[in-house]
Amino acid sequence: MSRELRLIQFLLVISMVLLATTGVRWWVERSLIVGTPVPVVGEIVRLTRGENSGIAFSLLENSPFVPWLSALALMVTVYYLSRPLQSYRLGNLMLGLVMGGGLANLLDRMDDSSVTDYIDVAIGTWRFATFNLPDTAVVIGVTLSFWFLSRTKPVEPLVPSPMPT
């Protein structure tokens, strides 16, 4: 696949993630009351709007460094995943999910230094930290990347082998 086509696919995935996550966030911010859960699948999955001014699990809440740390984490993750994933057919999908989700959270943070979280999941009596669709895109992209890289071989090697095959 040509380099230009891979770039178009990558940008298309980022655009779709940004569009979907922005639309959902817009709906959540206009339809849900902060802290009031709305059952989706009983008490297992609920929509509960909240604002998170920190990073994962509200760490560093209200810190002025959060946007910078988020941007740095996104750049480092994409940088380290892009090289090994570039020769995989689904590499652009995985990188696009990570980049799109990360950018969506950064854009959300630009308004009021926080992200809108709304997905509330429970297993039994234990509730996981509320998260959002961009978080989901990042986690799926990173998880697929590591799983894919650990289980498959690239379509074409990144560096030609000096040994004849």
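What share of the contacts in the protein chain with a separation of 6 or more comes from residues 24 or more positions apart? The share is 64%. Keep that figure in mind as you click through this predicted model.

**Stop 1: the whole chain**

Start with everything selected and colour by secondary structure. You should find four helices and four strands, and following the sequence from its start gives the order α-β-β-α-α-β-β-α. Now switch on a surface. About 10,600 Å² of the protein chain is exposed, and 70% of that area is supplied by carbon and sulfur atoms. Of the 165 residues, 33% count as buried.

**Stop 2: helices α3 and α4**

Next, select residues 91-112, which form helix α3, and residues 133-151, which form helix α4. Two packed helices are described by the angle between their axes and the distance between the axes. Here the axes come within 7 Å and cross at roughly 155°. An angle over 145 degrees counts as roughly antiparallel, so α3 and α4 are roughly antiparallel to each other. Their crossing is left-handed.

Show side chains to see what makes this contact. On the α3 side, pick M94, L97, V98, G101, G102, A104 and N105. On the α4 side, the list is P134, D135, A137, V138, I140, G141, V142, L144, S145 and F148. Colour these by residue class and you get eleven nonpolar, five polar and one charged.

**Stop 3: F148, a closer look**

Stay on α4 and centre the view on F148, which belongs to that helix. Is F148 buried or exposed? With a relative accessible area of 17%, F148 is buried, because the cut-off for buried is under 20%. Leaving out residues up to four places away in sequence, F148 touches Y88, L90 and M94. Try a distance label between the C-alpha atoms of F148 and M94: it should read 9.6 Å, for a pair 54 residues apart along the chain.

**Stop 4: helices α1 and α4**

Keep α4 on screen and add residues 3-31, which make up helix α1. These two helices pack at an angle of about 150°, and their axes are 9 Å apart. By that angle, α1 and α4 are therefore roughly antiparallel to each other. To see where they meet, select V17, A20, T21 and V24 in α1 together with L133, P134 and A137 in α4. The residues of this contact divide into six nonpolar, one polar and no charged. Two names may look familiar: P134 and A137 of α4 are also listed in the contact with α3.

**Stop 5: L7 on helix α1**

Move along α1 to L7, which lies in that helix. The relative accessibility of L7 is 48%, so L7 counts as partly exposed. Draw another C-alpha to C-alpha line, this time from L7 to G96. How far apart are L7 and G96 in space? The distance is 10.0 Å, while the two residues are 89 residues apart in sequence.

**Stop 6: S113, in a loop**

Finish with S113, in the loop between α3 and β3 (115-123). Check the backbone torsions here: S113 has a positive phi of about 65°, although S113 is not a glycine. With a relative accessible area of 46%, S113 is partly exposed.

Technical notes
Residues numbered from 1 in each chain as written. Predicted model: local features only at pLDDT ≥ 70, side-chain atom pairs only at ≥ 80, totals over all residues. Heavy atoms only, no water. Axes fitted to C-alpha atoms, helices over the stretch in contact; angles between N-to-C directions. Parallel < 35°, antiparallel > 145°, perpendicular 65-115°, else oblique. Left-handed = near helix turned anticlockwise from the far one by under 90°. Contact = heavy atoms within 4.5 Å. Nonpolar A, V, L, I, M, F, W, Y, C, P; charged D, E, K, R; others polar. Buried < 20%, exposed > 50% of the residue type's maximum accessible area, 1.4 Å probe, protein only. Areas by Shrake-Rupley, 256 points an atom, 1.4 Å probe, with all protein chains shown as cover.
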